[in-house]
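The exercises below are meant to be worked with the sequence and the model side by side. Each one sets a task and then gives a solution in steps.

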Amino acid sequence: MAKKITLLLDAGQLRWALRGAIAAASTDDVTPVLCAVNWVVEGKHVHLVATDRYRVHETLVPRPKGAPTGAFIMDRAQAQWILANSHRPARSYPEQQIRIVWTEGSPTKAGRISVEVIASAAPDAPVFRYDADAVRGNFPPVHRLFKPAPTDAEKEPVDMVGLDPRYLASMQYLVGHKGEPLVFTVPKPGEKKHSPMLVSNVAGTARALLQPNLLITGAAEWKGEEIPTPEAEVKVSAA
C-alpha cells in the first residue's frame, strides 16, 4: 500500500512558511530539486526547506496531530499557487485552512501532491484544488548544516563579513510578527574560508544559512560616516 502524508494546516501560517522558504529556491537552476521546496514532517514540526546552493532557508509550522513522518518535494509552481490562491479569500474567511496530501509514487515517480484551500468549516464553503506531481530526486541534506545553538562557553568571537544585499532582502520573509528582529550569528574570525552565517527569528520558527562572499577589509576603521561625494571633474580647455 502506498504511503500517504496528510497535513491540515492553518492558511496564514503556511503562507508565511512558504514565502520564507521559497525565497531561497533557485529560479534558473537545471536541477529540479533546487527550484522547489522540500517538506519534511518530523518531530513537532513540518519543516519547509529550500536552497540555491548559496543559501538555505528553513521555516517551521506545527505538525498536525497524527500526521505521519516523511518527506516530499513540491515544485515552485504548486507552492506559488498556494500563495496566490490562499491569500485573497483569507479576508473573507479568516479560519481558512490548507490540506496537503502527498501520495507515494513508484520507483520511477516521486508521487502526487494534492493541495486544497478550504475557505472555512462551513459545509458550503468554497474549496480550491491543485494537483501536481512531486519533484523526483534527492534533496541535498542541507538541513544538517544547522548546528545546535552553542552554550555560552562554546560561543566564538565574531568578525565582519560582506553579504549580498539581495539575499539579505529575502530574509524579511523569515519574520513571524511585525517588529520582530532577526538574529545574525557571524562565522568565527580568522578562518581562511568562512562558514555560513546563521540567521534566525526570535521565536525560533525560521532560520537561514548565508554564505559570506567577501571579507570586509578596513571595516574596523569605518565609523559610520556618510560616503563622501566625489569631487566634480574639472575640465581645462586649451587657451
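**Exercise 1. Characterise the second largest pocket by its volume and its lining.**

Solution. The model is a predicted one, and in it the second largest pocket has a volume of about 370 Å³. Turning next to the walls, one counts 21 lining residues, and those nearest the centre of the pocket are Asn-38, Ala-71, Ile-73, Gly-137 and Phe-139. Sorting the lining by chemical class gives 12 nonpolar, 5 polar and 4 charged residues. As for the elements involved, β2 (36-42), β3 (45-51) and β5 (70-75) each contribute at least two residues to this lining.

**Exercise 2. Determine the strand order of the open sheet of 4 strands, and find its edges.**

Solution. The strands of this open sheet follow the order β1-β6-β7-β8, and their pairing is antiparallel. The edges are β1 (4-10) and β8 (127-133), each of which pairs on one side only. From one strand to the next, the twist averages 15 degrees. The pairing of β1 can then be examined in detail: 7 bridges join β1 to β6 (residues 97-103), the two strands running antiparallel, and within β6 the bridge partner of Leu-8 is Arg-99.

**Exercise 3. Establish which strands helices α1 and α2 lie across, and at what angles they run.**

Solution. Helix α1 (residues 11-22) lies across β1 and β6, and its direction makes an angle of about 105 degrees with β1. Helix α2 (residues 76-85), by contrast, lies across β6, β7 (112-118) and β8, running at about 170 degrees to β8.

**Exercise 4. Describe the backbone of Arg-53 and the setting in which this residue is found.**

Solution. Begin with the general expectation, which is that most residues other than glycine have a negative phi. Arg-53 has a positive phi of about 85 degrees, although this residue is not a glycine. Its place in the chain is the loop between β3 and β4 (55-62). Finally, the relative accessible area of Arg-53 is 57%, and the residue therefore counts as exposed, the cut-off being over 50%.

**Exercise 5. Summarise the protein chain: its elements, their pattern, its burial and its contacts.**

Solution. The protein chain holds 3 helices and 11 strands, and reading along the sequence yields the pattern β-α-β-β-β-β-α-β-β-β-α-β-β-β. Of its 239 residues, 40% count as buried. Among contacts between residues at least 6 apart in sequence, 63% join residues at least 24 apart.

Definitions and conventions: Residues are numbered from 1 along each chain as its sequence is written. This is a predicted model: local features need pLDDT of at least 70, side-chain atom pairs count only at pLDDT 80 or more; totals for chains, interfaces and linings use all residues. Side-chain values use heavy atoms; hydrogens and water are left out. Two strands pair if DSSP finds at least two bridges between them. Axes are lines fitted to C-alpha atoms, for helices over the stretch in contact, and angles run from 0 to 180 degrees between N-to-C directions. Contact means heavy atoms within 4.5 Å. On a 1 Å grid over the protein atoms alone, a cavity is a set of points where a 1.4 Å probe fits but cannot get out, and a pocket is an open set with protein on both sides within 12 Å along at least five of seven lines; lining residues have an atom within 4 Å of a point. Grid points are joined across faces, edges and corners, and a volume is the space filled by probe spheres set on the points. Ala, Val, Leu, Ile, Met, Phe, Trp, Tyr, Cys and Pro count as nonpolar, Asp, Glu, Lys and Arg as charged, and the others, Gly among them, as polar. Buried means under 20% relative accessible area, exposed over 50%, partly exposed in between (1.4 Å probe, protein chains only).
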